[in-house]
Amino acid sequence: MKLKLWHELEDYIVITFGLFLYALGWAAFLLPYEIACGGLTGISAIVFYLTGIEIQYTYFCVNALLILVAIRLLGFRFCIKTIYGFTMLSVILAALQMLFKDSEGHLPRVLGEDQEFMACLLGAGLTGAGLGLIFQHQGSTGGTDIIAAIVNKYRNVSMGRAILICDVIIISSLYFIFNDWKRVIFGFVTMFVLAFLIDYVMSYAHQSVQFFIISKKHEEIRQALIHRLHRGATILHGIGAYSGEDQEITMVVCRRRQSVEIFRMVQDIDPTAFITQTKAAGVYGEGFDSIKV
């Protein structure tokens, strides 16, 4: 029970950090240079450019309406982290804009004038990394995620495709609002960089590695893996080609982020151990990814 609560708390800590990165990308780079990408945040940014209504107000109000529909159609459990996500993001967006505004109430262009492309890349990098962390821990910022989930439930359209369609429509509408193709191009560049960063962050966290550990203290290593690191292992029986002696080989598969712990643990037990580490292209089964055909 305590472990479950800790994992839940860890999720919310990482989600909050991801929301901060996402809001920082908007407040420091995208909003000052009047760049918009997809999603409800993009719609809220367009409203801000046209009316001056700050992004967090439109974002929160529309999300609140969408979440009422989602609770009815998708259930409250789906919406818990979504409610936390869009509420906290609205608060962080408001706080960062207050912090960054100059004496005249404008967001400064920290990169200088005519630096829209760099602002686009930096803003997309921060928002993409933030969203990757959020999605990695089963969080959501609401908006088109909610629409896509509802469409996915009642129509044979994947969530990814539904979100992509929404984003293309939102970004393309920039031309009809501002009559400026440059804004549309920057919007699509932002969307592609953001999508790349989301995929990179999520795939990096799920990368797995495989260890082969040869040591005379294999029993101590096995016990440490099970009780200290809470990892399973497989003991393979081998024979040394030169010595002809029997060898016990410990095979371990773990997430990449835990590999440092395994190296430290083996070094503590047997500094003379022989270890190989290789990247595992795909690991499926209990404790890893589900098999999908």
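Trainee: Which residues are linked with Glu34 in a network of salt bridges?

Mentor: Asp180 and Arg183 are linked with Glu34 in that network. Keep in mind that this is a predicted model.

Trainee: How far apart are the N and O atoms where Arg183 and Glu34 meet?

Mentor: They are 2.8 Å apart, and the contact is a salt bridge between the two side chains. The pair links distant parts of the chain, with Arg183 in helix 8 and Glu34 in the loop between helix 1 and helix 2, 149 residues apart.

Trainee: Is Arg183 buried or exposed?

Mentor: Arg183 is buried, because its relative accessible area is 18% and the limit for buried is under 20%. Glu34 counts as partly exposed, at 32%.

Trainee: How many salt bridges does the count come to?

Mentor: Eight. Another one joins Lys101 and Glu54, with the closest N and O atoms 2.2 Å apart. Lys101 sits in the loop between helix 4 and helix 5, while Glu54 sits in the loop between helix 2 and helix 3, 47 residues away along the chain. Lys101 is partly exposed at 29%, and Glu54 is buried at 18%.

Trainee: What about Glu219 and Arg222, where are they?

Mentor: Both are in helix 9, residues 218–227. They are three residues apart, so about one helical turn separates them. Their side chains meet in a salt bridge of 2.5 Å, N to O. Glu219 is partly exposed at 36%, and Arg222 is partly exposed at 26%.

Trainee: Why can such side chains pair?

Mentor: Side chains of opposite charge can do so when their charged atoms come close.

Trainee: New topic. How many helices and strands does the protein have?

Mentor: Ten helices and four strands. From the N terminus, the order of elements is α-α-α-α-α-α-α-α-β-α-β-β-α-β.

Trainee: And what share of the residues is buried?

Mentor: Of the 293 residues in the protein, 42% are buried.

Trainee: Which residues touch the most other members of the largest nonpolar core?

Mentor: Trp26, Leu31, Ile35, Ala45 and Leu89, out of 44 residues in that core. Seven stretches give it two or more residues each: helix 1 (2–30), helix 2 (39–51), helix 3 (55–74), helix 4 (76–100), helix 5 (116–136), helix 7 (159–178) and helix 8 (181–206). Helix 1 gives the most, with ten residues.

Trainee: What is Trp26 in contact with, leaving aside neighbours within four places in sequence?

Mentor: The list includes Leu31, Ile35, Cys37, Ala45, Tyr49, Leu93 and Thr127. Apart from this core lies another, of 14 residues, among them Phe211, Val252, Cys254 and Met265.

Trainee: You mentioned cysteines. How many disulfides does a search of the whole structure find?

Mentor: Zero. For Cys37, the nearest cysteine sulfur is that of Cys120, 8.9 Å away. Cys37 is buried at 4% relative accessibility, and Cys254 is buried at 0%.

Trainee: Where does Leu107 lie?

Mentor: Leu107 is in the loop between helix 4 and helix 5. At 14% relative accessibility, Leu107 counts as buried. Beyond residues up to four places away in sequence, Leu107 touches Ala27, Leu31, Pro32, Gln97, Phe100 and Lys101. Leu107 and Gln97 are ten residues apart in sequence, and their C-alpha atoms are 7.1 Å apart.

Trainee: Last one. Which residues make the nonpolar surface patch of about 480 Å²?

Mentor: Val110, Leu111, Phe117, Met118, Leu121 and Leu122. Leu122 lies in helix 5 and is partly exposed, at 34% relative accessibility.

Technical notes: Residues numbered from 1 in each chain as written. Predicted model: local features only at pLDDT ≥ 70, side-chain atom pairs only at ≥ 80, totals over all residues. Heavy atoms only, no water. Disulfide = S-S within 2.5 Å. Buried < 20%, exposed > 50% of the residue type's maximum accessible area, 1.4 Å probe, protein only. Core = buried A, V, L, I, M, F, W, Y, C linked by side-chain atoms within 4.5 Å. Contact = heavy atoms within 4.5 Å. Patch = residues over 30% accessible without salt bridge, like charges linked within 9 Å, V, L, I, M, F, W, Y side chains within 5 Å. Areas by Shrake-Rupley, 256 points an atom, 1.4 Å probe, with all protein chains shown as cover. Salt bridge = Lys/Arg side-chain N within 4 Å of Asp/Glu carboxyl O.
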